[in-house]
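Trainee: Got a minute to go through a model with me? I'd like to talk about the ligand site.
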Amino acid sequence: MSDVKEFDLLIAGGGLAGTSIACALDSVGISTAIIESVAMDASSQPSFDDRAIALSWGSRRIFEGIGIWDAITPTATPIHHIHISEKGRFGQAHLDAQEESVEALGYVALARDIGHALHQRMLNSQVHRFCPATLIDFKAADEKVTATIEAQGKTETVTAKLLIAADGKESGIRQALGIESHESAYNQAAIVSNLLPGKPHGNIAYERFTTEGPLALLPMTDNRFGVVLTVPQEQVEEYLALDDAAFIEQVQKRIGFRCGRFRQAGKRASYPLVLMRTEAITAQRVALVGNAAHALHPISGQGFNLGLRDIAALVDVITDAIRQDEDPGSKAVLQKYAEWRKQDVRSITLATDGLARIFSNPLVGVGAGRSAGLVATDLLPGLRHRIAKHAMGVLGKQPRLGRGLPL
Ligand SMILES: Cc1cc2nc3c(=O)[nH]c(=O)nc-3n(C[C@H](O)[C@H](O)[C@H](O)COP(=O)(O)OP(=O)(O)OC[C@H]3O[C@@H](n4cnc5c(N)ncnc54)[C@H](O)[C@@H]3O)c2cc1C
């Protein structure tokens, strides 16, 4: 067993969540390793693709705490207003950065650009990288976790006090542990692209609910909008096969002409939409973060933001444990993490699911209720303020990184 490599922490998965927590842990002064199957600078890296990610104000603060925000900001577009409406109904709601006394409600950046910044930061870190390499087996015991890694046909063994599962929605670690997950399929898919509007986007993000499914338009660099168009699952191929003019027409039909006439559609990709909840986010010497712990409908642009808050909380409890000379993988540390995350994960999951379902319910009474809800949101500053805080990801007890503080 002489060639067994020993670390304090082992992160499985080097997507958006895995690389974020690796960068955060670099300053804690413990030995950390990360395992990722796909080269992080490869165009095929599945987590770093061309989807536009809306980062909340709270996520900006976490990235500031990690020391990575300066590298993300050149490609990030601030959101100054959020405009929420429903096609064919009178209600509208507006959220405004100035009213919340912040520079922006959030920012939009491509997952690829966020991934690039995180990868560059990792290259200059103490974090040991196994990449491309795959975690193929692990065993948790009282004192440590022992993991088997495969790279280029060879296997090696590493041990750690804590295994952090950042291996995505289909998490092999979660499945091997037998942690139950519950999926509700929406029978919808998201078609993602980008478009050039006829007018300046004015740093406004649009959430538009229609009977065909919701549409999100996110302001981006070069006056483009990132588009997330929700369509029935059985029509995905049809939407992907449309020529650009016909695709633009579909978006235009849903949003109208408030952004002018769209032109120049970018590449299109589709993602199935499911909500995935897990029964637990910890097990013996294992903590789940990001999509391994929960996956959401992108309607409210909250999935990665929620994952970053997992990371900020986990890093907080690990840092405290290390400073007090405690075992970072102990039951007590993991319990603190699980308790801390319960409320946030529950309320965001419920809110996102509720939004996805209520706005796709064609019943007359439900539609009238939705309009009334949007009007009430617009008219009642208290309610509007609370919804804005939700979208900004700053409700509840904030860990040090969530307050923009270093560890
Ligand atoms: C259309 C769409 C739009 C979205 N928009 C937003 C938004 O606006 N705002 C927002 O906050 N969120 C958004 N999200 C959600 C966000 O994209 C996800 O929350 C985020 O990508 C999850 O990252 P992750 O690292 O947890 O998982 P993943 O991206 O799935 O990464 C997992 C990584 O683990 C690696 N891996 C898996 N198994 C192993 C193994 N055994 N060994 C080694 N490596 C392994 C994989 O190669 C991969 O790189 C959106 C999602 C979609 C689909």
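Trainee: How many nonpolar, polar and charged residues are in the shell around the ligand?
Mentor: By class, 14 are nonpolar, 13 polar and three charged. Nonpolar here is Ala, Val, Leu, Ile, Met, Phe, Trp, Tyr, Cys and Pro, charged is Asp, Glu, Lys and Arg, and the others, Gly among them, are polar. Keep in mind it's a predicted model: local features need pLDDT of at least 70, side-chain atom pairs count only at pLDDT 80 or more, and totals for chains, interfaces and linings use all residues. Residues are numbered from 1 along each chain as its sequence is written, and side-chain values use heavy atoms, with hydrogens and water left out.

Trainee: Which residues are closest to the ligand?
Mentor: E36, S47, R51, A54 and F304, out of 30 that surround the ligand (a heavy atom within 4 Å).

Trainee: What does the side chain of R51 do there, distance-wise?
Mentor: One of its N or O atoms is 2.7 Å from a ligand oxygen, a polar contact (N or O atoms within 3.5 Å).

Trainee: And what about the backbone of L135?
Mentor: A backbone N or O atom of L135 sits 3.1 Å from a ligand nitrogen.

Trainee: How much of the ligand's accessible area does the protein cover?
Mentor: 87% of the 1,000 Å² the ligand has on its own, by Shrake-Rupley with a 1.4 Å probe.

Trainee: Which elements give two or more residues to that shell?
Mentor: α1 (16-25), β4 (52-56), β10 (134-140) and α8 (303-323). They're DSSP runs numbered from the N terminus: helices are H or I, at least four residues, and strands E, at least two.

Terms used. Polar contact = N/O pair within 3.5 Å; in protein donor to acceptor, adjacent residues only side chain to side chain.
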